[in-house]
Amino acid sequence: MKVSLKKRHWYAIAGGLLLLTATPSFALFGIGDIVFDPTSYANLVSQLTTMETQYRMLKNNIEHFSFKQQWQTALTEMKQANVRDLFGETEGMTTALNTNSPAASSTAWTAATVPVDDTTDTYLAAQAAGSAPRSELALIEASDSVSPDCLTAVGQYRAAREQDAAANSSLTAEQLDGGTATNSEVEQLNLLNAAQAQKMSEMQSQGVLQACLASEMTIANMRQRDAAAIDLNTAAFVAEQRTADDASAANEGNTWDTYLP
């Protein structure tokens with residue numbers, strides 16, 4: 001039976017379309033129902049490569065480090081303060097500098113400083129606001145408020161360092177340990193979290209000390225500022241007196257009555 005030219009042309013087109021839509025596979029060993037699919041094989045190889053990469057990454061995460069000692073640091077220990085107290089002039093000072101004791105700090109500051117007598121009340125009450133005596137009183141009162149708090153801050157920091165010494169040593173030992181138990185990914189993350197927590201505590205403690213230093217600097221600045229203001233006021237007063245009263249020997253009578261050298 002002969003196939004017309006037109007039908008043969010149509011069969012060729014249909015065959016070509018079938019080849020284009022077919023899965024890229026072919027028979028193995030001449031058996032028609034067993035086929036090899038290159039696309040599936042390539043996907044499988046890619047998956048195996050990815051799994052191998054993940055395995056190596058996990059293996060590296062759980063393997064321990066061999067030379068951790070290169071990161072080792074030492075926690076500087078603070079010497080206990082021991083203030084001599086011969087006649088009670090520094091009562092409570094040693095306790096204040098080594099422990100978190102506001103009461104000891106207040107006692108120590110009171111014992112170590114010169115008090116303002118009650119006999120000055122009448123004199124100070126008669127002074128104008130902003131005068132040198134009132135400014136001196138303000139400086140003393142501010143210092144009496146800030147300085148005991150600073151003693152407490154120092155004592156608190158010393159006490160905290162001593163209390164945290166065991167925890168810091170334990171963390172350091174865990175971080176530098178080369179065993180498998182302390183080098184899993186979870187354990188390392190826990191150590192990082194613990195280190196960050198200790199760092200935060202240290203920063204907070206030092207923040208209290210820095211606030212104390214800023215307060216003391218403010219008090220010191222008050223004294224310097226008042227001293228400069230008194231010098232200016234004195235210079236202006238002297239200039240005024242020299243203008244009003246002749247300082248020469250021939251006209252010294254009125255000068256000695258009101259002159260401030």
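A salt bridge is a side-chain nitrogen of Lys or Arg within 4 Å of a carboxyl oxygen of Asp or Glu. With that in hand, you can follow one of the pairs in this structure, which is a predicted model: the side chains of Arg225 and Asp226 meet in a salt bridge, with 3.4 Å from N to O. The two partners sit in contrasting surroundings, since Arg225 is exposed at a relative accessible area of 55%, while Asp226 is buried at 11%.

## The chain as a whole

Let's step back for a moment. The chain has nine helices and two strands, and along the sequence they follow the pattern α-β-β-α-α-α-α-α-α-α-α. How many of the 261 residues count as buried? The share is 16%. The accessible surface of the chain comes to about 19,600 Å², and 60% of that area belongs to carbon and sulfur atoms. Among the contacts with a separation of 6 or more, 55% are between residues 24 or more positions apart.

On that surface you can look for a nonpolar patch of about 300 Å², made by Leu44, Leu48 and Met51. One of these residues, Leu48, has its place in helix H2.

## Two salt bridges

How many salt bridges does a search of the whole structure find? There are two. Side chains of opposite charge can pair when their charged atoms come close. Besides the pair of Arg225 and Asp226, Arg161 forms a salt bridge with Glu202, and their closest N and O atoms are 4.0 Å apart. Arg161 lies in helix H6 and Glu202 in helix H8 (residues 185–244), so this pair ties together parts that are 41 residues apart in sequence.

Is Arg161 buried or exposed? Arg161 is buried, because its relative accessible area of 18% is under the 20% cut-off. Its partner Glu202, at 27%, is partly exposed. Arg161 also has its C-alpha atom 7.8 Å from that of Met78, although the two residues are 83 residues apart along the chain.

## Helix H4 and its two sides

Now find helix H4, which spans residues 102–112. Which of its residues are buried? They are Ala104, Ser105 and Ala108. Seen down the axis of H4, these buried residues fall within an arc of 100 degrees, so they line one face of the helix. The face turned away from the buried side carries the exposed residues Pro102, Ala103 and Thr110. What covers the buried residues of H4? The cover includes H3 and helix H6 (132–163).

## Helix H3 and the loop before it

Helix H3 deserves a visit of its own. Met93 has its place in this helix and is buried, with a relative accessible area of 11%. The C-alpha atoms of Met93 and Ala108 are separated by 4.8 Å, and the residues are 15 residues apart along the chain. Leaving aside neighbours within four places in sequence, Met93 is in contact with Val83, Ala108, Ala112 and Leu151.

Asn98 also belongs to helix H3 (residues 93–98). Why does Asn98 count as buried? Its relative accessible area is 8%, and buried means under 20%. Apart from residues up to four places away in sequence, Asn98 touches Gln80, Ala81, Gly155, Arg158 and Ala159.

Thr90 lies in the loop between helix H2 (38–62) and H3. At 15% relative accessibility, Thr90 counts as buried. Its contacts, not counting residues up to four places away in sequence, are Val83, Arg84 and Asp85.

The side chains of Asn98 and Thr90 each come up to a backbone oxygen, as the table sets out.

| Side chain | Backbone oxygen | Distance |
|---|---|---|
| Asn98 | Thr94 | 2.9 Å |
| Thr90 | Arg84 | 2.6 Å |

To retrace the tour in the structure above, you could start at the salt bridge of Arg161 and Glu202, move on to H4, whose buried residues are covered by elements including H3 and H6, and finish at Thr90 in the loop between H2 and H3.

Methods: Residues numbered from 1 in each chain as written. Predicted model: local features only at pLDDT ≥ 70, side-chain atom pairs only at ≥ 80, totals over all residues. Heavy atoms only, no water. Helix = DSSP H or I, 4+ residues; strand = E, 2+ residues; numbered from the N terminus. Buried < 20%, exposed > 50% of the residue type's maximum accessible area, 1.4 Å probe, protein only. Polar contact = N/O pair within 3.5 Å; in protein donor to acceptor, adjacent residues only side chain to side chain. Contact = heavy atoms within 4.5 Å. Arc of directions from axis to C-beta. Patch = residues over 30% accessible without salt bridge, like charges linked within 9 Å, V, L, I, M, F, W, Y side chains within 5 Å. Areas by Shrake-Rupley, 256 points an atom, 1.4 Å probe, with all protein chains shown as cover.
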